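Open the model in your viewer and keep the sequence panel beside it. The stops below say what to select and what is there.

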Amino acid sequence: MRRNNTAGPLEDTVTVDGKKRIVVLASGRGSNFQAILDEVLTGSIRGTCIRLISDVAGCYALERAKSSRVPVTLVDYHSFPSKDAYEKALLFAMKECSPDLVVLAGYMRILGKDIVRSFHGKIMNIHPALLPSFPGLHAQRQAISYGVKVAGCTVHFVDEMMDTGPVILQKCVPVLPDDDEDSLSERILHEEHRCYPLAVKLFCEDHLKIEGRVVRVR
Ligand code: GRF
């Protein structure tokens, strides 16, 4: 099922002034989406959030988008008969936007190979750990259990594996003796909200260049 809140065809969503066309994918509360959107709205990021796409009906990220008049598309995972059918619909929705950049902001599924190949070098993700440590789910819990003294977040380009793409930016936070998963997550999230908008800003100003595994910040 797809829904959008614009009157005309999606192609009508035109970006002016050479700003990058940013599409955000989110499944949950959308605090990273909000942090990026805030910087877009102040003009600090030379881009326009042309659409929020979500796979989860009723998620708070959709409400955030609607409050800021960002067009939304729901590609509801549970309304498709198979993962393959869902991925095809998602790819279609993404292509319709002709994005310069796709931002995964708490998008809780692994993107299929067709999507990753279609937007090679144009998809970013944020992960709440210092990759390559603690990839996958519950990264903060993994960090606490392992007993590391430093944790953080990583913004990276997305490749065909999970949490393995070229690293753009990382920020560290201390792990304190009394930390639990929640307190560490909160400290990391604070840094995510600074790190992710900065990475998007750098991309929109053409300052990022991927050379193999390495991202050069020019
Ligand atoms: C963040 O911790 C992010 O690192 C991870 O999922 C969480 C999303 O939070 N990928 P939010 O939806 O942006 O608030």
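**The largest pocket**

This is a predicted model. Start with the lining of the largest pocket, and display H6: six residues of the lining come from this helix, the largest share. Next, add helix H1 (31–42), strand S6 (123–127) and helix H5 (139–146), each of which, like helix H6 (181–204), supplies at least two lining residues.

To find the middle of the pocket, select Gly106, Tyr107, Met108, Ile126 and Pro128, which lie nearest its centre among the 37 residues of the lining. The space inside comes to about 930 Å³. Colour the lining by residue class and you should find 15 nonpolar, 13 polar and nine charged residues.

**The two domains**

Now colour the chain by domain. The assignment gives domain 1 as 1–6 + 16–119 and domain 2 as 126–218. Their centres, taken over C-alpha atoms, are separated by 20 Å. In the contact between them, 22 residues belong to domain 1 and 17 residues to domain 2. Go back to the largest pocket with this colouring on: each of the two domains gives at least three residues to its lining.

**The second largest pocket**

Which residues are closest to the centre of the second largest pocket? Select Thr48, Cys49, Ser68, Arg69 and Val70; they are the closest among the 13 residues that line this pocket. Its volume is about 180 Å³.

Show strand S3 (47–54) together with H1, since each supplies at least two residues of this lining. S3 gives the most, with four residues. By class, the lining holds seven nonpolar, four polar and two charged residues. H1 is also among the elements that supply at least two residues to the lining of the largest pocket.

**Histidine 156**

Move to strand S7 (residues 150–157) and select histidine 156, which is placed there. Is histidine 156 buried or exposed? Its relative accessible area is 2%, below the 20% limit, so histidine 156 counts as buried.

Display what surrounds histidine 156, setting aside residues up to four places away in sequence. The residues touched are Ile123, Met124, Asn125, His127, Leu131, Asp163, Gly165, Pro166, Val167 and Ile168.

**Alanine 199**

Return to helix H6 and pick alanine 199. Alanine 199 has a relative accessible area of 0% and is buried. Beyond its neighbours within four places in sequence, alanine 199 is in contact with Met124, Val155, Ile168, Leu169 and Leu208. Met124 and Ile168 are also among the residues that histidine 156 touches.

For a distance check, put a C-alpha to C-alpha line between alanine 199 and glutamine 170. These residues are 29 residues apart in sequence, and the line should read 9.8 Å.

**Salt bridges**

Side chains of opposite charge can pair when their charged atoms come close. The count for this model comes to 11 salt bridges. The pairs below are some of them.

- Select glutamate 160 and arginine 117. The closest N and O atoms of this salt bridge are 2.9 Å apart. Glutamate 160 sits in the loop between S7 and strand S8 (167–174), while arginine 117 is in helix H4 (residues 113–118); the pair links distant parts of the chain, 43 residues apart. Glutamate 160 is partly exposed, at 32% relative accessibility.
- Select arginine 141 and glutamate 181. Here the closest N and O atoms are 3.0 Å apart. Arginine 141 lies in helix H5 and glutamate 181 in helix H6, so this salt bridge ties together parts 40 residues apart in sequence. Arginine 141 is partly exposed, with a relative accessible area of 41%, and glutamate 181 is partly exposed too, at 24%.
- Select glutamate 205 and lysine 201. The closest N and O atoms of this pair are 3.2 Å apart. Glutamate 205 has a relative accessible area of 24% and lysine 201 one of 25%; glutamate 205 is partly exposed, as is lysine 201.

For the last stop, select Lys209, Glu211 and Arg216. Salt bridges with shared partners join these residues into one network.

How values were computed
Residues numbered from 1 in each chain as written. Predicted model: local features only at pLDDT ≥ 70, side-chain atom pairs only at ≥ 80, totals over all residues. Heavy atoms only, no water. 1 Å grid on protein atoms, 1.4 Å probe; cavity = no way out; pocket = protein on both sides within 12 Å on 5 of 7 lines; lining within 4 Å. Points joined across faces, edges and corners; volume = space filled by probe spheres on them. Nonpolar A, V, L, I, M, F, W, Y, C, P; charged D, E, K, R; others polar. Domains from an automatic or database assignment. Buried < 20%, exposed > 50% of the residue type's maximum accessible area, 1.4 Å probe, protein only. Contact = heavy atoms within 4.5 Å. Salt bridge = Lys/Arg side-chain N within 4 Å of Asp/Glu carboxyl O.
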